[in-house]
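Here is a quick walk through a small set of computed features, written for someone who would rather look at the model than at a table. Keep the structure open while you read.

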Amino acid sequence: MNAAASPALQRPEPAQVWDWLSELTDPEIPVVTLRDMGIVREVFHHEEALEVIITPTYSGCPAM
């Protein structure tokens, strides 16, 4: 099989990335997704990587 044709290696559409982020929950509040919290700002594609820009819920957030 051609590696370029492999679905696992294809770049996801932005809508797909946002769908994934709708399923990712906060580790401290597992019933709330990151999208529900409103902290996800943008999604960028870089070569073979994704960059997700978030705004922390407070300035001292240890996740940052």
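What follows goes from the overall layout to the core, the hairpin and a few single residues.

## Overall layout

First, a word of caution: this is a predicted model. The chain has 2 helices and 2 strands, and going along the sequence they come in the order α-α-β-β. Helix 1 covers residues 14-21 and helix 2 covers residues 34-37, with a loop between them. Strand 1 takes in residues 40-46, and strand 2 takes in residues 49-54.

How much of the chain is buried? Of its 64 residues, 16% fall in that class. The exposed surface comes to about 5200 Å², and 55% of that is supplied by carbon and sulfur atoms. As for contacts across the sequence, take those with a separation of 6 or more: 19% of them link residues 24 or more positions apart.

## The nonpolar core

Which residues make up the largest nonpolar core? There are 6 of them: Val17, Leu21, Leu34, Ile39, Val40 and Val43. Helix 1 and strand 1 are the elements that each give two or more residues to this core. As a general backdrop, nonpolar side chains tend to be buried together in soluble globular proteins.

Leucine 34 is a handy place to look at this core up close. Setting aside neighbours within four places in sequence, leucine 34 is in contact with Leu21, Leu24, Asp26, Ile39 and Val40. Among these partners, Leu21, Ile39 and Val40 are listed in the core along with Leu34.

## The hairpin

The two strands run antiparallel to each other and pair over 6 bridges. Together they form a hairpin with 2 residues between the strands. One of the turn residues, glutamate 47, has a positive phi of about 45 degrees.

If you want to check the register, two pairs help. Valine 43 sits opposite valine 52 of strand 2, and histidine 45 sits opposite leucine 50 of strand 2. Valine 43 is also one of the core residues.

## Two partly exposed residues in strand 1

Arginine 41 belongs to strand 1. Its relative accessibility is 46%, so arginine 41 counts as partly exposed, given that the exposed class needs over 50%. Beyond its neighbours up to four places away in sequence, arginine 41 touches Trp18, Ile53, Ile54 and Thr55. With threonine 55, the C-alpha atoms are 6.9 Å apart, although 14 residues separate the two along the chain.

Histidine 46 is in strand 1 too. What joins the side chains of histidine 46 and glutamate 51? A polar contact of 2.5 Å does. Histidine 46 has a relative accessibility of 40% and is therefore partly exposed.

## The loop between the helices

Threonine 33 and serine 22 are both worth a click here. Threonine 33 lies in the loop between helix 1 and helix 2, and serine 22 has its place in that loop as well. Is threonine 33 buried or exposed? Its relative accessible area is 11%, so threonine 33 is buried, the cut-off being under 20%. Serine 22, at 31%, is partly exposed.

Threonine 33 touches Leu21, Ser22, Glu23, Leu24 and Thr25, again leaving out residues up to four places away in sequence. A polar atom of the threonine 33 side chain also lies 3.0 Å from the backbone nitrogen of aspartate 36. Serine 22, under the sequence filter of four places, is in contact with Thr33 and Arg35. From serine 22 to valine 32, the C-alpha to C-alpha distance is 9.2 Å, with the two residues 10 apart in sequence.

How values were computed. Residues are numbered from 1 along each chain as its sequence is written. This is a predicted model: local features need pLDDT of at least 70, side-chain atom pairs count only at pLDDT 80 or more; totals for chains, interfaces and linings use all residues. Side-chain values use heavy atoms; hydrogens and water are left out. Helices (H or I, at least four residues) and strands (E, at least two) are DSSP runs, numbered from the N terminus. Buried means under 20% relative accessible area, exposed over 50%, partly exposed in between (1.4 Å probe, protein chains only). A polar contact is a pair of N or O atoms within 3.5 Å; within protein, one must be able to donate a hydrogen and the other to accept it, and residues adjacent in sequence count only if both atoms are side-chain atoms. Contact means heavy atoms within 4.5 Å. Two strands pair if DSSP finds at least two bridges between them. Accessible areas come from the Shrake-Rupley method with a 1.4 Å probe; for residues, only the protein chains shown count as cover. A nonpolar core is a set of buried Ala, Val, Leu, Ile, Met, Phe, Trp, Tyr and Cys residues joined through side-chain atoms within 4.5 Å.
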